[in-house]
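These are my notebook entries on a single protein chain. I recorded what I looked up, entry by entry.

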Amino acid sequence: IGLEEDGVIRLRELKTKLGAEATLTVFSGTYTAMDFGPQKKDPTEHFMMLGAIVPTNGDGTFYFRLIGPRATVDAQREAFEAMLKSLDKK
């Protein structure tokens with residue numbers, strides 16, 4: 001995602017049930033899909049990505065991301081964060 005003028009990367013910490021702090025990032029811009037075929041993909045404007053890095057205190061690290069149209073992803077931001085907060089070793 002190429003950043004838009006207002007698509008500044010924002011980082012913050014989020015507590016999880018794993019006992020570790022997840023690092024959450026949010027940014028928006030123009031999305032260009034990975035191209036593995038003969039046809040070029042056109043860039044799509046107004047996309048957003050929510051990403052999180054969640055350490056597990058010795059059991060590895062989880063990486064999460066949600067990418068899509070800005071309005072769709074922004075509408076799911078609370079649900080994404082709730083999912084991260086709910087992560088547990090069960």
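**Entry 1: the nonpolar core.** I took a nonpolar core to be a set of buried Ala, Val, Leu, Ile, Met, Phe, Trp, Tyr and Cys residues joined through side-chain atoms within 4.5 Å. The model I examined is predicted. I found that its largest nonpolar core holds 13 residues. Leu50, Ala52, Val54, Phe80 and Leu84 have the most contacts inside this core. I then looked up where the core residues come from: E3, E4 and H2 each supply at least two of them. E4 gives the largest share, 4 residues. I noted the general background that nonpolar side chains tend to be buried together in soluble globular proteins.

**Entry 2: the chain as a whole.** I listed 2 helices and 5 strands in the protein chain. Along the sequence I read the pattern β-β-β-β-β-α-α. The C-alpha trace spans about 45 × 30 × 20 Å along its principal axes. Of the 90 residues, 30% count as buried. I looked up the accessible surface and noted about 6,200 Å², with 55% of it belonging to carbon and sulfur atoms. Among contacts between residues at least 6 apart in sequence, 47% join residues at least 24 apart.

**Entry 3: helix H2.** Which residues of H2 are buried? I found Phe80, Glu81 and Leu84 to be buried there. These residues lie on the same side of H2, because they cover an arc of only 95 degrees around the axis. For background, I recalled that an α-helix has 3.6 residues a turn, so residues three or four places apart point the same way. I next asked what the buried residues of H2 pack against. The partners are strand E2 (10-15), strand E3 (21-31), strand E4 (44-55) and strand E5 (61-69).

I then looked up Phe80 on its own. Neighbours within four places in sequence left aside, Phe80 is in contact with Leu24, Leu50, Gly51, Ala52, Phe64, Arg65 and Leu66. Two of these partners, Leu50 and Ala52, are listed with Phe80 among the residues with the most contacts inside the core.

**Entry 4: Glu81 and the salt bridges.** I placed Glu81 in helix H2, which covers residues 77-86. Is Glu81 buried or exposed? Its relative accessible area is 13%, so Glu81 counts as buried, the cut-off being under 20%. Residues up to four places away in sequence not counted, Glu81 touches Arg12, Leu14 and Leu24.

I counted 2 salt bridges. One joins the side chains of Glu81 and Arg12, with an N to O distance of 2.4 Å. This pair links distant parts of the chain, as Glu81 sits in helix H2 and Arg12 in strand E2, 69 residues apart. Arg12 is partly exposed, with a relative accessible area of 38%. I noted in general that side chains of opposite charge can pair when their charged atoms come close.

I also recorded the salt bridge of Asp74 with Arg77, where the closest N and O atoms are 2.9 Å apart. Asp74 is partly exposed at 40% relative accessibility, and Arg77 is partly exposed at 23%.

**Entry 5: aromatic pairs.** I counted 2 aromatic pairs. How are the rings of Tyr31 and Phe47 placed? Their centres are 5.1 Å apart and their planes are at 5 degrees, so I entered the pair as stacked, since planes under 30 degrees apart count as such. Tyr31 belongs to strand E3 and Phe47 to strand E4, 16 residues apart, and the pair links distant parts of the chain. Tyr31 counts as partly exposed at 26% relative accessibility, whereas Phe47 is buried at 13%.

I entered Phe62 and Phe64 as a tilted pair, with 6.2 Å centre to centre and 40 degrees between the planes. Phe62 counts as partly exposed at 45% relative accessibility. Phe64 also counts as partly exposed, at 23%, and Phe64 is one of the contacts of Phe80.

**Entry 6: a backbone angle.** I looked up His46, which is found in strand E4. Phi of His46 is near 65 degrees, a positive value in a residue other than glycine. With a relative accessible area of 45%, His46 is partly exposed.

Methods:
Residues are numbered from 1 along each chain as its sequence is written. This is a predicted model: local features need pLDDT of at least 70, side-chain atom pairs count only at pLDDT 80 or more; totals for chains, interfaces and linings use all residues. Side-chain values use heavy atoms; hydrogens and water are left out. Buried means under 20% relative accessible area, exposed over 50%, partly exposed in between (1.4 Å probe, protein chains only). Contact means heavy atoms within 4.5 Å. The arc is that of the directions from the helix axis to the C-beta atoms. Rings of Phe, Tyr and Trp (its six-membered ring) pair if their centres lie within 6.5 Å; planes under 30 degrees apart count as stacked, over 60 as edge-to-face and the rest as tilted. A salt bridge is a side-chain nitrogen of Lys or Arg within 4 Å of a carboxyl oxygen of Asp or Glu. Accessible areas come from the Shrake-Rupley method with a 1.4 Å probe; for residues, only the protein chains shown count as cover.
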